[in-house]
Amino acid sequence: MADPTVAIGPHAPRREQLVTTLAAAEERVRAACSAAARARTEVTVVAVTKTYPVSDVHLLSLLGVRDVGESRDQEARVKSEAYAAIAETVPLRWHFVGQLQRNKVRSVARYAWMVHTVDRADVVDLLARHGGPPGGVLLQVSLELDGSPGAPGRGGAPPAAVPVLADRAATSGLRLAGVMGVAPRTTEPRRAFEVLARVSDELRRDHPQATVVSAGMSGDLEAAVSCGATHLRLGSSILGPRPQLR
Ligand SMILES: *Cc1c(COP(=O)(O)O)cnc(C)c1O
């Protein structure tokens, strides 16, 4: 008799891959929390599904994933609509983690549960006009530290600009949920995440509900967890390597 764990439906081989990579990612997150003396429940994993098909999103949902991330509006829109059209799926929280241009705000506002990449006043105002994502917005902070060439095109407001942007978001009626950062490739990730942690501490003095710290990707999740990340954006470690795209 065939091994029932090997052939389960048309996606069986991919399903088995995702079972394995999800378990490995979970083990890394669990170990990182343990090393940082933090509870595993303090950290949410967002599976970044960019470049991967909606069939993967569906499989992940069947394996218990509830938070997925996308970085390109057009891809995210098509994929979230395709997912919604699949019968008997569980609702997912779609996180928009890509650079947000003015002309994309309206579209992103339709499917995004949380937007991680708000870094400009005009985007704050536009998002507010479209009702704002129900899970809230994160202010993306540039973590390009002194002398570092940084990560060009990654976006993010300088730390000094965060208080004004935060007040604008809060008064515009958006739910200000916290901060987000991407560690530049050229910097020790811990140094970058410490800066983000400090920005978060200062933000919470005026906006105590803004507790989310979205930091850490597949390559640096341990450093992020040790610096207080509440959300990890994991792409390649769960889905596999991507063809060149950010
Ligand atoms: C693609 C992407 C990720 C996931 O990166 P991995 O290294 O594959 O885990 C996380 N955050 C942002 C903003 C991304 O664009």
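**Strands, loops and side-chain contacts in a predicted model**

Glutamine 140 is a residue of strand E5, which covers residues 136-140. In this predicted model, glutamine 140 has a relative accessibility of 3% and therefore counts as buried, the cut-off being under 20%. Setting aside residues up to four places away in sequence, glutamine 140 touches His116, Thr117, Val118 and Asp119, then Arg154, Gly155, Gly156 and Ala157, and finally Met180 and Val182.

A step back to the whole chain helps to place this residue. The protein contains 9 helices and 8 strands. Its radius of gyration is 18 Å, close to the 18 Å that the globule rule gives for 246 residues, so the protein is as compact as a globular protein of that length. Along the principal axes, the C-alpha atoms fill a box of roughly 65 × 40 × 30 Å. Buried residues make up 48% of the 246. Among contacts with a separation of 6 or more, 60% are between residues 24 or more positions apart. The exposed area comes to about 11,700 Å², with 54% of it supplied by carbon and sulfur atoms. As for charge, there are 30 positive and 25 negative side chains, and the centres of these two sets lie 4 Å apart.

Strand E5 also appears in the surroundings of helix H5, which covers residues 121-129. The buried residues of helix H5 are Val123, Val124, Leu126 and Leu127. The cover over these residues includes helix H4 (105-111), strand E4 (114-118), strand E5 and helix H6 (162-171). After H5 comes glycine 131, with a positive phi near 95°.

Which side chain makes a polar contact with the side chain of glutamate 70? The partner is threonine 49, at 2.6 Å. Glutamate 70 sits in strand E2 (residues 67-70), while threonine 49 belongs to the loop between E1 and H2. Along the chain the two are 21 residues apart, and their C-alpha atoms are separated by 6.0 Å. Glutamate 70 has a relative accessibility of 1%, so it counts as buried. Threonine 49, at 0% relative accessibility, counts as buried too.

The contact lists fill in the setting of this pair. With residues up to four places away in sequence left out, glutamate 70 touches Thr49 and Lys50, Glu75, Ala76 and Lys79, and the run Trp94, His95, Phe96, Val97 and Gly98. On the same basis, the residues touched by threonine 49 include Val57, Leu60, Val68 and Gly69, along with Glu70 itself. Glu75 and Lys79 are in contact with threonine 49, and these two residues are also touched by glutamate 70. Leu239 is another residue that threonine 49 touches.

The loop that holds threonine 49 also holds threonine 51, between strand E1 (44-48) and helix H2 (54-62). Most residues other than glycine have a negative phi. Threonine 51, however, is not a glycine and has a positive phi of about 75°. At 31% relative accessibility, threonine 51 counts as partly exposed. Glutamate 88 is a further case of a residue that is not a glycine with a positive phi, here of about 55°. Glutamate 88 is found in the loop between helix H3 (73-85) and strand E3 (93-96). Is glutamate 88 buried or exposed? Its relative accessible area is 81%, and since the cut-off for exposed is over 50%, glutamate 88 is exposed.

Strand E3 brings the description to arginine 93, which has its place in that strand. Arginine 93 is partly exposed, with a relative accessible area of 34%. A polar contact of 2.7 Å joins its side chain to the side chain of aspartate 67. Beyond its neighbours within four places in sequence, arginine 93 is in contact with Arg66, Asp67, Val68 and Trp113. Val68 is thus listed for arginine 93, and Val68 is likewise among the residues touched by threonine 49. Glutamate 194 offers a contrasting pairing: it is 101 residues from arginine 93 along the chain, and the C-alpha atoms of the two are separated by 27 Å.

Notes
Residues numbered from 1 in each chain as written. Predicted model: local features only at pLDDT ≥ 70, side-chain atom pairs only at ≥ 80, totals over all residues. Heavy atoms only, no water. Helix = DSSP H or I, 4+ residues; strand = E, 2+ residues; numbered from the N terminus. Rg over C-alpha atoms; globule rule 2.2 N^0.38 Å. Buried < 20%, exposed > 50% of the residue type's maximum accessible area, 1.4 Å probe, protein only. Contact = heavy atoms within 4.5 Å. Areas by Shrake-Rupley, 256 points an atom, 1.4 Å probe, with all protein chains shown as cover. Lys, Arg positive; Asp, Glu negative; His and termini not counted. Charge placed at Lys NZ, Arg CZ, Asp CG, Glu CD. Polar contact = N/O pair within 3.5 Å; in protein donor to acceptor, adjacent residues only side chain to side chain.
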